[in-house]
Amino acid sequence: MHLQELDLSFNFFHGILPSCLNNFTSLRFLDLSHNLFSGNVSSSLLPNLKSLEYIDLGYNHLEGSFSFNSFANHSKLQAVILGSETNNFEVETKYPVGWVPLFQLNALELSNCKLTGDLPSFLRYQLRLRRVDLSHNNLTGSFPNWLLENNTMLLESLFLRNNSLKGQLLPLKPNFRIQTLDASHNQLDGELQESVGHMIPNIMILNLSKNSFEGILPSSIAKMSFLWILDLSNNNFLGEVPKHDFNSTNLDCLYLDNNQFTGTLSNVILRIPELRVLDVSNNYMSSEIPSFIGNMTYLEELMLGNNSFNGKLPPEISQLQWLEFLDVSQNALSGHLPSLENLRGLKHLHLGRNIFTGLIPRDFLNSSSELLALDLRDNRLFGNVPNSISRLSELRILLLRGNFLSGFIPNHLYHLTHISLMDLSNNSFSRPIPKCFGFIQFREIKKDENVFGESTYFGSGWSFRDIYAGHMVKYWEYETEVHEEKGEVEFVTKNRQDSYRGEILNFMSGLDLSCNNLTGEIPIELGMLSSIHALNLSHNQLMGSIPMSFSNLSQIESLDLSYNALNGEIPPGLVELNFLAMFNVTHNNLSGRVPDMKVQFGTFDESSYEDNPFLCGPLLKKKCNTSIEPSYSPPESSRETETKWYDIDHVVFFASFITSYIMILLGFATILYIKPYWRQRWLYLIEECIYSCYYFALDTRSK
């Protein structure tokens, strides 16, 4: 067989690797990557292929153990790619002590191959390495400075992400070739060497996140003039960020989040106007957000949450026309909300846990924007929910809890057809719950949408001619994940407030109307929310019975109806809710037998029914009285007396009624005249009624 090149990559081949491959003794190039091959790699498959220069078996479903000894006699070998996406494939790299390999590799990828212990010893004899990826293993020991020093003139990319390497980054000889270094998610510690900028002066992507580095940032970072992505997040760096550290005109993404940095934002962004991603969240930075941030017109993601920034949110931020993600939550920002109507591409807006006051502006957001998440929780906003909110047709998450919003819950929120989480709790909403809420789907987000499971990956691709001469059609790409799940949402479910972020938000759905002044009965239409996972109507003034239709909430996991004035029996059909994990009807006026202790209701104890004196059943240790008491027939004389209660003096009745009506009108007019605030609220109420009637008529006409 004289076949020299075989490329079957990116297909759907499956089954075990065919044993006939060992007959191709002249094979130089073998690429079976990105298929569905499974099973073990036979030990007899590769030893005969001594002419191999390039082999790629990566990203299949291979299992078992593969020994690198199979390449012991392959003197021409240049590139080995065995990376896996599963945890079922193990590569054994141990060789006899003193053995010197015959090959000199240009490229090696063994990511997710269950490597343990120190780095493979044969790498100490490799002097021509250009790209190495040993990510997602369990490698231990210290950072391999020797690997960079042995390949000073050639090594361009080194990936050691997600291992267990320890120790410090020690000084090394300058390496002018390396462009990508990812040592994130290890156990490296100590301070960065002051000379780090001189050791790797031409670095483009530097990811040292999720380690235990500490101390201040060395000023030599400013010497990295080609730096494109810098990720130092999730460490213990402290002190102010020096003004002249980041003056690279190429810097595109800067992640300094989850450290202990202090100082002002001006120090960080003064010299990098073309920055696209900036994350300094979860630090101790303070002062005001500078107005010249509006000049950073390329910004797409701006994350400043959980610091001590104060003052107003600068209106110049509306000039960032490419902005998609804005998080300034958990600061001390105050004043009125600025108009962000110009931010047409905004998808995530987190302004919660500040001191914003006033009304939510009518022109707050652009109705044609693609906003997915709006977080205004825990501020001091008051007034009504403006109609413009309902025009955000792509909105998935709406968090307005913990403000002073009042009036009735507007019907126009029904137009949020894609909503999955809505939290209006801890406000002053009154009136009954809108019946139209039962027609909102509150569904999980489809898998193909995955709007909250996004991670930011930055990759580099090189022509295959850089690794193996003569082939210009093959590309080998490296990816490094420098920013994981974006956005964090707090929501109360199962009696506790948890934070959710990333892909799990695609599966969350819930409605929280608790801690308001809602009255009336629970609409039976809420029983149509068959996809909802959490429903909280507690701490209101709701009355009437629990709707029988609640037995249709087939996906419900948390149902809280406590602290209301509900009466009647608990619908026995609720025992069919197979996913119900939390059920709370305490502090009501319910009566009758509690549901049978079977399926999920067998996991609830008497604490779920407290302060309902007329409930009974074995769980409450209170016997239910099933006897029928004889009906009581009042005497004929009393019956005659009771039938005359309606005989009244019509003149006196109408006179007192008209007088009372006039007095009430005069008193109401006097209050509106004396109190401008209440007069304004009354006008807002009238306007809201007009809009509601208008949209009701519009919907009726369209049907």
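The following exchange concerns salt bridges, burial and strand pairing in a predicted model.

Me: On what basis are residues numbered and features accepted here?
Reply: Residues are numbered from 1 along each chain as its sequence is written, and side-chain values use heavy atoms, with hydrogens and water left out. The model is predicted, so local features need pLDDT of at least 70 and side-chain atom pairs count only at pLDDT 80 or more, while totals for chains, interfaces and linings use all residues.

Me: What makes E156 and R177 a salt bridge?
Reply: The term requires a side-chain nitrogen of Lys or Arg within 4 Å of a carboxyl oxygen of Asp or Glu. The closest N and O atoms of E156 and R177 are 2.7 Å apart, and therefore the pair meets the definition. The two residues are 21 residues apart and link distant parts of the chain. E156 is in the loop between helix 1 (145-150) and strand 14 (157-159), whereas R177 is in the loop between strand 15 (166-167) and strand 16 (180-182). Helices (H or I, at least four residues) and strands (E, at least two) are DSSP runs, numbered from the N terminus.

Me: Why is E156 called buried?
Reply: Buried means under 20% relative accessible area, exposed over 50%, and partly exposed in between (1.4 Å probe, protein chains only). E156 has 5% relative accessibility and therefore counts as buried. R177, at 33%, counts as partly exposed.

Me: How do you know that E300 and R276 form a salt bridge?
Reply: Their side chains meet at 3.1 Å, N to O. E300 lies in the loop between strand 25 (286-288) and strand 26 (301-303), and R276 in the loop between helix 3 (265-269) and strand 24 (277-279), so the pair ties together parts that are 24 residues apart in sequence. E300 counts as partly exposed because its relative accessibility is 24%.

Me: Why are D375 and R377 called buried or exposed?
Reply: D375 counts as buried because its relative accessibility is 1%; R377 is buried as well, at 4%. These residues form a salt bridge with their closest N and O atoms 2.9 Å apart. Elsewhere, salt bridges that share partners join R130, R131, E156 and R177 into one network.

Me: How do you know that strand 27 pairs with strand 29?
Reply: Two strands pair if DSSP finds at least two bridges between them. Strand 27 (residues 308-312) and strand 29 (residues 332-335) run parallel and are joined by 3 bridges, so the condition for pairing is satisfied. K312 stands opposite S334 in strand 29.
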